[in-house]
Amino acid sequence: MFFKKLTIPVLCLTLALASCKKDETPAYNGIELKADDFRAVYAPNKTLTFGYLDKTKISLPAEGANQTWDYRNAKSSAAPYTDSFKDVPANSGFNSATYILEGFPSLGAVSFASGQYFYEVSDAGWFSLGTKVLAQTLNLPNNVTLASTGNSFAYSPKVQLHKFPMVYQSTYSSTSVVNEVYMLTAPALGLTSATPATRKLTSEINSVVTGWGKLYLPDATEPIEVLQVRVSEKSTNNYLLGTSPAPAQLLTGLGLTEGSSINPTYYSFYAKNKGKVAEVIYNGTTVSYALYQK
């Protein structure tokens, strides 16, 4: 009887300890990226420089847990480029913007000389808010002019580039529309005075965090712990002249096509406090180009 009385509590204690040990050691599932990891990188007065990877030396990266991706021997001789993040101008119309990038807004075959792209990093995610095409006039063939009045064009809703927190196997999707209005003259088509011309751009993004593990890059001796994200984008163009569909003759003259779209697919790799450290863009099973953060 004495022996039996001692056995029961000892057994219970053993089970309790085993249970505690199991609860304290959950399976590791890769890093978790939050807003502060992006705020450390994507902010005014910060820069990121990217070099290119030789696409002939890499293949589509494997997906899954605890992977190793090695690009140490895939460095390209192509010249690098730098993204410079700048302060949001006053009265921009994008009140939640965190920073801007400067660039060359394009309608496809037609591009403007100067513009600003607005972005937001918040606790909810990383967003593209819209564009401001600075005031300017393009003089095009056949006496056609296309003018920007310096207006801001906002996506509705804002485009979600990534959702926080980013963890392995998380997913998100985003569909947004922006209407960009310009002033057009085309005497050959009877448009002798400036007429509103609209490019409606529909942006769709579908994303899955498809892997985690270690990434080796050129110029580095140690691997980086990363999350791998597979992204499919689609951008579709529709054009209006006034409130009616733009005539085919006008679009042809500008090198534009009604309903045209681009659909890039790519893998991006992100690390804590570094942002995007590599990207592989592909078509089917063929790598189109690839880049890495220097």
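**Exercise 1. Find which strand pairs with strand β2, and in which sense the two run.**

Step 1. Strand β2 covers residues 64-70, and its partner is strand β11, which covers residues 191-216; here strands are DSSP runs of E with at least two residues, and helices are runs of H or I with at least four residues, both numbered from the N terminus. Two strands count as paired if DSSP finds at least two bridges between them.

Step 2. β2 and β11 run parallel and are joined by five bridges. Within this pairing, Trp69 stands opposite Leu215 of β11.

Step 3. Before going on, note that this is a predicted model, in which local features need pLDDT of at least 70 and side-chain atom pairs count only at pLDDT 80 or more, while totals for chains, interfaces and linings use all residues. Residues are numbered from 1 along each chain as its sequence is written, and side-chain values use heavy atoms, with hydrogens and water left out.

**Exercise 2. Follow strand β11 to its antiparallel partners, and name residues that face each other.**

Step 1. Strand β10, residues 171-186, runs antiparallel to β11, and 15 bridges join them. Ser176 stands opposite Ser203 of β11, and Val177 has Thr202 in β11 as its bridge partner.

Step 2. The two strands β10 and β11 form a hairpin with four residues between them, and in its turn Gly190 has a positive phi of about 85°.

Step 3. β11 also pairs with strand β12, residues 224-241, in the antiparallel sense, and this pairing has 18 bridges. Trp212 has Leu227 in β12 as its bridge partner.

Step 4. From β10 the trail leads on to strand β8, residues 144-148, which runs antiparallel to β10 and is joined to it by three bridges. Here the bridge partner of Ala147 is Met183 in β10.

**Exercise 3. Decide whether Thr210 is buried or exposed, and list what it touches.**

Step 1. Thr210 belongs to strand β11.

Step 2. Thr210 counts as buried because its relative accessibility is 7%, where buried means under 20% relative accessible area, exposed means over 50%, and partly exposed lies in between, with a 1.4 Å probe and protein chains only.

Step 3. With neighbours within four places in sequence left aside, Thr210 is in contact with Glu63, Gly64, Tyr168, Gln228, Val229, Arg230 and Tyr267; contact means heavy atoms within 4.5 Å.

**Exercise 4. Locate the cis peptide bonds at Pro157 and Pro165, and then the positive phi values at Gln169 and Asn273.**

Step 1. Ser156 and Pro157 are joined by a cis peptide bond with omega of about -15°, and Pro157 lies in strand β9, residues 152-163.

Step 2. Another cis peptide bond leads from Phe164 to Pro165, with omega near -5°, and Pro165 is placed in the loop between β9 and β10.

Step 3. Gln169, found in the loop between β9 and β10, is not a glycine and yet has a positive phi of about 75°. With a relative accessible area of 54%, Gln169 is exposed.

Step 4. Asn273 sits in the loop between β15 (265-271) and β16 (275-283), and its phi is near 60°, a positive value in a residue other than glycine. Its relative accessible area of 46% makes Asn273 partly exposed.

**Exercise 5. Describe the protein chain as a whole.**

Step 1. The protein chain holds three helices and 17 strands. Its radius of gyration is 26 Å, well over the 19 Å that the globule rule gives for 294 residues, so the chain is more spread out than a compact globule; the radius is taken over C-alpha atoms, and the rule is 2.2 Å times the number of residues to the power 0.38.

Step 2. The C-alpha trace spans about 110 × 40 × 35 Å along its principal axes.

Step 3. Of the 294 residues, 43% count as buried. Among contacts with a separation of 6 or more, 61% are between residues 24 or more positions apart.
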